[in-house]
Structure formats: C-alpha cells, structure tokens
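Open the model in your viewer, give each chain its own colour, and keep the selection panel handy. We will go from one selection to the next, with a word on what to look for at each stop.

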2 protein chains.
Amino acid sequence: MLFFTQCFGAVLDLIHLRFQHYKAKRVFSAAGQLVCVVNPTHSLKYAPTRCAAAQTSTEQGGLPPCHHHEAVHDPQLVPCTCPLFSCPWEGHLEVVVSHLRQTHRINILQGAEIVFLATDMHLPAPTDWIIMHSCLGHQFLLVLRKQEKYEGHPQFFATMMLIGTPTQADNFTYRLELNRNQRRLKWEATPRSVLECVDSVISDGDCLVLNTSLAQLFSDNGSLAIGIAISTSKVHNGEAEM
Amino acid sequence: MLFFTQCFGAVLDLIHLRFQHYKAKRVFSAAGQLVCVVNPTHSLKYAPTRCAAAQTSTEQGGLPPCHHHEAVHDPQLVPCTCPLFSCPWEGHLEVVVSHLRQTHRINILQGAEIVFLATDMHLPAPTDWIIMHSCLGHQFLLVLRKQEKYEGHPQFFATMMLIGTPTQADNFTYRLELNRNQRRLKWEATPRSVLECVDSVISDGDCLVLNTSLAQLFSDNGSLAIGIAISTSKVHNGEAEM
C-alpha cells in the first residue's frame, strides 16, 4: 500500500514538473528553446564538512542528455567554485566542470538560448538556484540567489560566470531576460570568471537585481522563468532580440 | 566686477551642461537622439502651500523649442499630477500639461527616442528628476525618484506615466535603457495613467528599480543617462533595438 502511495506521489511530481515546463515554454514563445526546471537549494556554506548534492531536476523535466567540453587551458589551481558549499576540493580549471557535475550533481545544459525556470521563489533566504550552461565551446555557471543584504528585505541576484579565466570571460556577453504581463527586464553584461568569487559579484551588485515585489510581478505561481542567451562580444551590438 | 564674475560663472555652467550633453550623446550612439539634461529637485510634498518651480535646465542644454498637443479627451477632473508638490490645483486631463508647464515649469521634449540625463545622483533622498515627453500625439511624464524605502538604503525608481486615461495608456509601451561599461539594463512596460498616483507605482515596485551600487555602475561622473523610447503596443514584439 505504501509502495502504491509513493508511486502515486512520484507520478504527481512528474506531472507538476511537466506542467511547469510547458508554462515556461508558453512564456518564452521562441521555438526550440530548452526549458530547464531548477529547484532551490539552501546554501550550506556554513556546514563546511558537508558536500551534499544540489537538487536539480533537469532530467525529470524531459530534457535531452547534456554533453560537456572542457575547453579551458589555464593551468592554475582553483578552489571549488560551487557557491553552495564550503568544499575543500582544489583542482585545475579544466576539471572544475567534472567536479561540479560529479560531486555537487549540478546539471549542465547545452544551447545558445535556454530558459532557466527557478521554482519555489517564496522559500526564505539564503537560497540558491544553480545550473551549468555549455555554449560556444565553454561552460558557464548561472547562479540565482535569494539573499537578505538588508535584514528583513530579501532580494534576488542573478549572474553568469565563465568557468575559465577573466581574459576568456571578456570575449563573451550574457543576457538574462524576464518577460511576463507586458513587462520585460533585460540585463546584459560580460560574464565574470569563476576565479572571482560569486559572493563578491553579488555583494558588489554588479548583476541582475530584483526586489521581492519585482520578482513577484515576473513570477508565475511561485516560479521565475529567466531567458538566458550567450554571445561573443564581437556581435554585442548586432545581436538579435529573443 | 561682480557682474563679470557672475557672467563668468554662467558661461562655466553652460560649458559644463554642454559637456554633459556631449557625454550622453557619446553613450547613446544612435544619431539624432535628443539629450535632455535634467537637474534634481527636492520633493516639497510636505510643504503643501508651496508650489515652487521644478528646476529643469532643458533650454540651457541647447535643445530646440518644444511643442505640445492636448489630445486627451476624458472630461473628468484630476488633481495636479506633479509628483513634486502638494499642489491644490484640480482640472481636466486636457489642461494638465499646461498646468505642469506653466505652474511647475516642467519642460516638455518631443521625439520617439530621447536621452534623459539626470545630474547630481549623489544628492540625498528624497529627490526627483522630472520631464514631460511628447510622442505619438500624447504626453508622458517621466519620473526618476531617489527614495529610501528601507531606511539608510536609498534606491532609484524610474517610471513613465501617460497624461491620459488608463485605457489610453494600454495602447503604449515605454522602454528605459541604461548602457555603460559593457553593461545594459532595459525595462519595458505599459505606462500607467497619471490618474493613478506615481507614489503608488513606486511603492508597488512596478518600475525600473536600481540599487545604489547599480546606479553607480551606470553613472558617469554623477550623472545617469536613461534612453527613453515609446511605441504603440501593437509593435511591442517587433520593435527595433536602440
């Protein structure tokens, strides 16, 4: 009996995820965009020995299997760049992607334009939503963070970082786009390198920043869909609209 | 001697304004865009008998004279919509523009795309930067406000309101764009009607919101250039990039 109840629960979860996936597809009407459902993870930075898995549910969202290339050639040792955990791991830039996938189970998606659908936006801060994005021969880390910079006033911060050196990062432009209810908000910038800490990017405010009220305006039933596009800096001025 | 000193001061001011004007033109590279230098005004809402003039310096910025059309036909009486002052004036929508120009000396600019250059962003909150914008046969009020929603943490709020009814406002889309240092932030929305209070739009957060850190990233020497474009809602999806 318990087995059947659990099966029923799992089927309901799958239907719910599939529903969110279609909702996001409807919002971002451009055909062919991958929609990736990303569940939140509480930051465990202050539990230094724990390296629990980031609970992303990409596979459940019906996405094709992802490939990844390790095209970064700077040989310097870097600490683990996963913003969720105080992980003791150190390694070369070339193996950061494998470490994030294998140890932290962060999913990786391919495609020039994808839709990142963050669920459960109402959860209390600090909360992170994380995915890796493989594009133009490089891997990027997308971090959405809910954080209380000012006590009692949570804000959302979204940024994209290249798993590569700052010099390599200068060759790219990333764009984050929110689009709902005849409102549209776009942020375009050069990604930072993961050699710079994501915490400092967020504390500098050099990223897409949303107040709770704006986040609610763009959310649909507790989920926030962010369109992501990456291009090389040379085509920055001539790029097409999403 | 005093006369010559004053003349010299006035010439220096003009040179400074002209310099800011060219700087903004450089940032917004599209040819033919009007750049309007807008000086801040402290909100005098809590001094109800005073109806001092908003100190905009458009004429000094070398702009052509502006025309205005009163194309609003809703006959209901509205209070003064100037967000700067607690003004006892009431009148029909058709004469709001004349009232704002004549009593509050708010300048009006024409053109589908203009650049709003707000000076002295460092001034303490509450501060407003205001201009009217005549476009597509209607007049719009652009308000940039520095306000401390949370004590000690000033933010910037920018919105555009139609001097017309909510039904008329639904026919338009406005876009505010910040562009500096390889960063770009765009906000697109349907303007609200001035029959709704600008204070409530800002407290709802349904506008472009900037933290101080983001405002500093987009400012140049204390001035913030905001590109403004208005279009009819029908061409919302197919509009050209600035």
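Which residue of strand 11 of chain B stands opposite B:E177? Keep that in mind while you orient yourself; this is a predicted model.

**Stop one: two strands in chain B.** Select strand 10 of chain B, residues 172–180, along with strand 11 of chain B. The two run antiparallel and are joined over seven bridges. Now show B:E177 and look across to strand 11: the residue standing opposite is B:K186.

**Stop two: across to chain A.** Keep strand 11 of chain B and add strand 11 of chain A, residues 183–189. Here the pairing crosses from one chain to the other: the two strands are antiparallel, with five bridges between them. To find your place, pick A:L185, which has B:W187 opposite in strand 11 of chain B.

**Stop three: the whole sheet.** Zoom out and colour by strand. You should be able to follow an open sheet of 10 strands in the order 1(A)-6(A)-14(A)-10(A)-11(A)-11(B)-10(B)-14(B)-6(B)-1(B), with mixed pairing. Why is one side of each edge strand without a neighbour in the sheet? Select strand 1 (34–38) in chain A and in chain B: these two stand at the edges, and each has a single partner strand, so one of its sides is left free of a sheet neighbour. Turn the view along the sheet to see the twist, which averages 20° from one strand to the next.

**Stop four: the contact between the chains.** Next, select the residues where the chains touch: chain B gives 26 residues and chain A gives 26 residues. Together the chains bury about 2,500 Å², and 47% of that lies on carbon and sulfur atoms. Highlight B:Y150, B:Q182 and B:R184, since no other three residues supply more of the area chain B buries against chain A; their share is 22%.

**Stop five: polar links.** Show side chains for B:D206 and A:R183, which form a salt bridge at 2.6 Å, N to O. Across this interface there are two salt bridges, and seven residue pairs are in polar contact, both residues at pLDDT 80 or more.

**Last stop: chain B's side of the interface.** Colour by element the side of chain B that touches chain A. Strand 9 (153–162), strand 11 (183–189), strand 13 (208–211) and helix 5 (212–218) each supply at least two residues to it. Strand 11 of chain B has the largest share, seven residues. By type, this side divides into 10 nonpolar, nine polar and seven charged residues.

Terms used. Residues are numbered from 1 along each chain as its sequence is written. Chains are lettered from A and ligands numbered from 1 in the order in which they are written. This is a predicted model: local features need pLDDT of at least 70, side-chain atom pairs count only at pLDDT 80 or more; totals for chains, interfaces and linings use all residues. Side-chain values use heavy atoms; hydrogens and water are left out. Contact means heavy atoms within 4.5 Å. Buried area is the accessible area (1.4 Å probe) that two parts lose on being put together, summed over both. A salt bridge is a side-chain nitrogen of Lys or Arg within 4 Å of a carboxyl oxygen of Asp or Glu. A polar contact is a pair of N or O atoms within 3.5 Å; within protein, one must be able to donate a hydrogen and the other to accept it, and residues adjacent in sequence count only if both atoms are side-chain atoms. Helices (H or I, at least four residues) and strands (E, at least two) are DSSP runs, numbered from the N terminus. Ala, Val, Leu, Ile, Met, Phe, Trp, Tyr, Cys and Pro count as nonpolar, Asp, Glu, Lys and Arg as charged, and the others, Gly among them, as polar. Two strands pair if DSSP finds at least two bridges between them. Axes are lines fitted to C-alpha atoms, for helices over the stretch in contact, and angles run from 0 to 180 degrees between N-to-C directions.
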